[in-house]
Amino acid sequence: MNDWTKAAWIDPKFNWNPAPVPDMPPRVLIDFATKCNLRCGMCPVWGESEESIDSVKGLMALENARRLLDEISVAKPLVHPCLYGEPLLAPNLKDHIRQAKAAGMTFALNSNGLTLKEEMADFFVEQKVDSVMFSIDAVTPATLMKIRGIKRLERIERSVFMMLKARGASDIPRIGVSFTIQEENKHELDAFVQRWAGVVDVVRTGHVFLDGKFADLEEPKERIACPVLYKTLPVFNDGSTTVCCLDGLRTTNMGNVFETSVREVWHGEQFTKMRYLHETKQWDAVPFCGNCNGWAQYEAKEEVRDGLLIRRSPEFVYYNKISRLGNWHEKLLGGHAAPSENSINKMTVPV
């Protein structure tokens with residue numbers, strides 16, 4: 001592994017002492033298919049122009065996907081089969097799930113639920129997929145139309161209940177719904193939480209990412225190096241990687257895992273330089289990161305009430321059903337801390 005502390009781009013005035021980096025990324029986001037059946041305005045890819053979409057859409061070759069999963073299997077990371085694609089549209093999704101689970105990897109997917117069928121829901125349970133989240137963002141068809149361009153709220157909700165029925169009394173998958181707060185739907189936020197908290201295992205609400213930052217996010221006073229740089233590797237359909245998953249149009253380039261390897265990219269010059277700039281607080285030297293406040297997402301406060309463990313960070317709020325916390329295992333934490341001992345002591349139902 002290269003010693004980048006002697007690289008030409010290092011400024012000695014910072015007396016840089018590199019922070020430790022895991023041997024392999026603990027979390028890998030893989031766009032097996034950059035393909036979607038919606039055009040949500042908030043999306044950094046599908047909410048853009050057709051020309052921009054054409055520049056990034058495509059399918060990952062099955063051979064490349066198999067080689068990628070095989071390479072990362074040694075680290076058993078958390079795998080998300082989507083970056084900017086609807087995972088249910090990936091042609092070889094079942095093959096990817098079988099390979100990942102056979103290798104002992106944690107597999108978690110986010111879906112809009114529009115094409116979920118009972119056969120696939122049963123398959124998720126059979127293969128012990130660890131988590132299935134549904135992006136909904138509304139409690140009325142009219143608001144869904146404003147956010148996602150469709151009125152098929154009943155179809156999406158039916159998919160959630162289909163998944164719950166398929167799982168039955170099994171521990172996994174962990175099933176949840178999400179709500180991205182925007183001007184057009186914020187009036188339905190409380191109703192959304194009331195609708196779903198305690199029905200599914202987890203309700204996640206979060207701020208929308210617009211113009212290079214999360215809107216209305218209250219930042220801590222002191223900025224730190226973004227934790228994502230040490231936890232997550234986004235891999236697009238052609239093997240290219242970016243500084244983080246928010247760079248949907250690939251304005252940054254950390255290397256290509258098909259041309260080299262995951263380990264070489266993860267410890268390569270571009271990622272190391274990005275970590276160096278963050279660790280030495282040279283935010284303005286990184287145009288994509290300069291205005292971003294996503295670094296604040298990992299500090300959380302907890303509250304236990306009404307059968308829920310509620311975790312609030314500047315970016316997200318998670319409403320976790322206490323009776324289902326047993327399926328929220330370490331790998332699914334995605335780099336976040338486990339529930340505190342104080343919160344566990346307050347829970348009336350054993351975790």
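## Helix 4 against helix 6

In this predicted model, Glu118, Ala121, Asp122, Phe124 and Val125 of helix 4 are in contact with Met162, Met163, Ala166 and Arg167 of helix 6. Sorted by class, the residues of this contact are six nonpolar, no polar and three charged.

Two packed helices are described by the angle between their axes and the distance between the axes. For helix 4 (residues 118-126) and helix 6 (residues 153-167), the axes come within 9 Å and cross at roughly 45°. Helix 4 is therefore oblique to helix 6, because an angle between 35 and 65 degrees falls outside the ranges for roughly parallel and roughly perpendicular. The crossing of these two helices is right-handed.

## Helix 2 against helix 3

A second helix pair can be described in the same terms. Helix 2 (residues 62-72) packs with helix 3 (residues 93-102) at an angle of about 20°, and their axes are 10 Å apart. Helix 2 and helix 3 are therefore roughly parallel to each other, because angles under 35 degrees count as roughly parallel. Helix 2 passes helix 3 in a right-handed crossing.

On the helix 2 side, the contact is made by Leu62, Ala65, Arg66, Leu69 and Asp70, which meet Asp95, His96 and Gln99 on the helix 3 side. This contact has three nonpolar, two polar and three charged residues.

## The nonpolar cores

In soluble globular proteins, nonpolar side chains tend to be buried together. The largest nonpolar core in this model has 99 residues, and Ile72 and Phe124 touch the most other members. Helix 6 supplies the largest share of this core, with six residues. Phe124 also belongs to the helix 4 side of the contact with helix 6.

Ile72 is in contact with Met24, Val28, Ile30, Pro77, Val79, Met105 and Val262, leaving aside its neighbours within four places in sequence. There is also a second, separate core of nine residues, and its members include Ile322, Leu325, Trp328 and Met347.

## Helix 10 and its surroundings

Helix 10 (residues 269-279) has these buried residues: Phe271, Thr272, Met274, Arg275, Tyr276, Leu277 and His278. An α-helix has 3.6 residues a turn, so residues three or four places apart point the same way. The buried residues of helix 10 pack against three helices and two strands, namely helix 8 (228-231), helix 9 (262-266), helix 11 (287-290), strand 11 (232-235) and strand 12 (240-241).

After helix 10 comes Lys281, which has a positive phi near 60°. Lys281 is placed in the loop between helix 10 and helix 11. At 45% relative accessibility, Lys281 counts as partly exposed.

## Backbone exceptions

Most residues other than glycine have a negative phi, and most peptide bonds are trans. Lys281 departs from the phi pattern, being a residue other than glycine with a positive value. Arg250 is not a glycine either, and its phi is positive at about 60°. Arg250 lies in the loop between strand 12 and strand 13 (255-256). Its relative accessibility is 19%, so Arg250 counts as buried.

The peptide bond between Ile172 and Pro173 is cis, with omega at about 10°. Pro173 sits in the loop between helix 6 and strand 7 (174-181).

## Val208 and Ala8

Is Val208 buried or exposed? With a relative accessible area of 5%, Val208 is buried. Val208 is in the loop between strand 8 (202-207) and strand 9 (209-210). Not counting residues up to four places away in sequence, Val208 touches Met42, Thr180, Ile181, Gln182, Lys213, Phe214 and Ala215. Val208 and one of these residues, Gln182, are 26 residues apart in sequence and 6.1 Å apart in space, C-alpha to C-alpha.

Ala8 is exposed, with a relative accessible area of 83%. Ala8 is found in the segment before strand 1 (27-30). From C-alpha to C-alpha, Ala8 and Val56 are 32 Å apart in space, and they are 48 residues apart in sequence.

Definitions and conventions. Residues are numbered from 1 along each chain as its sequence is written. This is a predicted model: local features need pLDDT of at least 70, side-chain atom pairs count only at pLDDT 80 or more; totals for chains, interfaces and linings use all residues. Side-chain values use heavy atoms; hydrogens and water are left out. Axes are lines fitted to C-alpha atoms, for helices over the stretch in contact, and angles run from 0 to 180 degrees between N-to-C directions. Helices (H or I, at least four residues) and strands (E, at least two) are DSSP runs, numbered from the N terminus. Angles under 35 degrees count as roughly parallel, over 145 as roughly antiparallel, 65 to 115 as roughly perpendicular and the rest as oblique. A crossing is left-handed if the near helix is turned anticlockwise from the far one by less than a right angle, and right-handed if clockwise. Contact means heavy atoms within 4.5 Å. Ala, Val, Leu, Ile, Met, Phe, Trp, Tyr, Cys and Pro count as nonpolar, Asp, Glu, Lys and Arg as charged, and the others, Gly among them, as polar. A nonpolar core is a set of buried Ala, Val, Leu, Ile, Met, Phe, Trp, Tyr and Cys residues joined through side-chain atoms within 4.5 Å. Buried means under 20% relative accessible area, exposed over 50%, partly exposed in between (1.4 Å probe, protein chains only).
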